[in-house]
Amino acid sequence: MSGPLKIIDPHIHFFDFDNGHYHWLKPEHPPFWPNKKSLQQNFSVADLNLNGEIQLDGLVHIEAGYDNQHPEKELDFLASLKLPRYKAIACADLTQENFAHSLATLMTYEHFSGVRHIIDDQGERLLNDPVFEKNLALLAEHNLVFEAQLDCCDLDCAIRLAELGGKYPQLQICVNHCGILRDFNQWPALPDYARWRAAMHYFADQENFALKISGMEMQNPRWSWDHARWLVHKLANLFTDDRIMLASNFPINLLAMPYDTLWLGYRDELGLSEATFQAYSYDNAKRIYRL
């Protein structure tokens, strides 16, 4: 592969730390990463420090907690930035009876593409909540994207999400951060690995599920490219090439390596064919997010 690396990054965050809430970045709130302080600042597209080797042709901004009570404020912040073509995933509370009102406001924004309600370890409560399901159905009705961040080592919850995906096949579900496979310093780590892999099977059986390879720096700050190759190989055996996306999770990726180092590593270290890398790094994000 020669010339600049042309990508669409489908999982990126910009911070207006001076004006936003970002409760999760405060030192008294989890996650309690030892170097979280380095993230407690403003981040914009200029901080990607592209050096000519990377051509960012588009991006998907994922909500970062600017103001969870008024998610449209984060969309206003994005509109103030000089961004390449982009789509925006807004924060949402899908347990709210009046979510339809919030969604109507969000849909007035040109770049709005869907929502994320972080599930993490609350899957049993959230995924069995009839109001949560009703609001997922509303997203499906409007052909929007649901960003699913959950602990896929909790197999019961992963199965429930797969069931909901099957019930609303027009809802595009994008599973964040490889399904949050726990600390993979020593793979395979049974029984967590067995449950995670079973969850991936359930997701792979639903054609409206796509998966992002990202966030490894959150799960293990000592991750290596050997681990990344292992992960990509496992996922590629389950999902077709049109349902996997490579993503940065910027600026959290900076806990492990610079932005350009990550993307060049994706290109050079994963052992992907040129056609597969093109799908993972560009084509799939463009199609899924309608960029």
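The following legends describe close-up views of a predicted model. Local features are restricted to pLDDT of at least 70 and side-chain atom pairs to pLDDT 80 or more, whereas totals for chains, interfaces and linings use all residues. Residues are numbered from 1 along each chain as its sequence is written, and side-chain values use heavy atoms, with hydrogens and water left out.

**View 1. Helix α5 (residues 155-167) and its surroundings.** Helices (H or I, at least four residues) and strands (E, at least two) are DSSP runs numbered from the N terminus. The end C-alpha atoms of α5 lie 18 Å apart, in agreement with the 18 Å expected for 13 residues at 1.5 Å a residue; the expected span is 1.5 Å times one less than the number of residues. Cys-157, Ala-158, Leu-161, Ala-162, Leu-164 and Gly-165 are the buried residues of α5, where buried means under 20% relative accessible area, exposed over 50% and partly exposed in between (1.4 Å probe, protein chains only). Seen down the axis of α5, these buried residues fall within an arc of 160 degrees and so line one face of the helix; the arc is that of the directions from the helix axis to the C-beta atoms. Asp-156 and Lys-167, on the other side of α5, are exposed. The elements covering the buried residues include α3, α4, β5, β6, α6 and β7, contact being heavy atoms within 4.5 Å.

**View 2. The contact of α6 with helix α8 (residues 225-236).** The two axes come within 10 Å and cross at roughly 40 degrees. Axes are lines fitted to C-alpha atoms, for helices over the stretch in contact, and angles run from 0 to 180 degrees between N-to-C directions. Helices α6 and α8 are therefore oblique to each other; angles under 35 degrees count as roughly parallel, over 145 as roughly antiparallel, 65 to 115 as roughly perpendicular and the rest as oblique. Tyr-193, Trp-196, Arg-197 and Met-200 of α6 meet Trp-230, Leu-231, Lys-234 and Leu-235 of α8.

**View 3. Two cis peptide bonds in loops.** Pro-30 and Pro-31 are joined by a cis peptide bond with omega of about 5 degrees, and Pro-31 lies in the loop between β1 and β2. The bond from Phe-250 to Pro-251 is also cis, with omega near 0 degrees; Pro-251 belongs to the loop between β8 and α9.

**View 4. Positive phi at Asp-120 and His-177.** Asp-120, in the loop between β4 and α3, has a phi of about 45 degrees and is partly exposed at 33% relative accessible area. His-177, in the loop between β6 and α6, has a phi of about 55 degrees and counts as buried at 2% relative accessibility.
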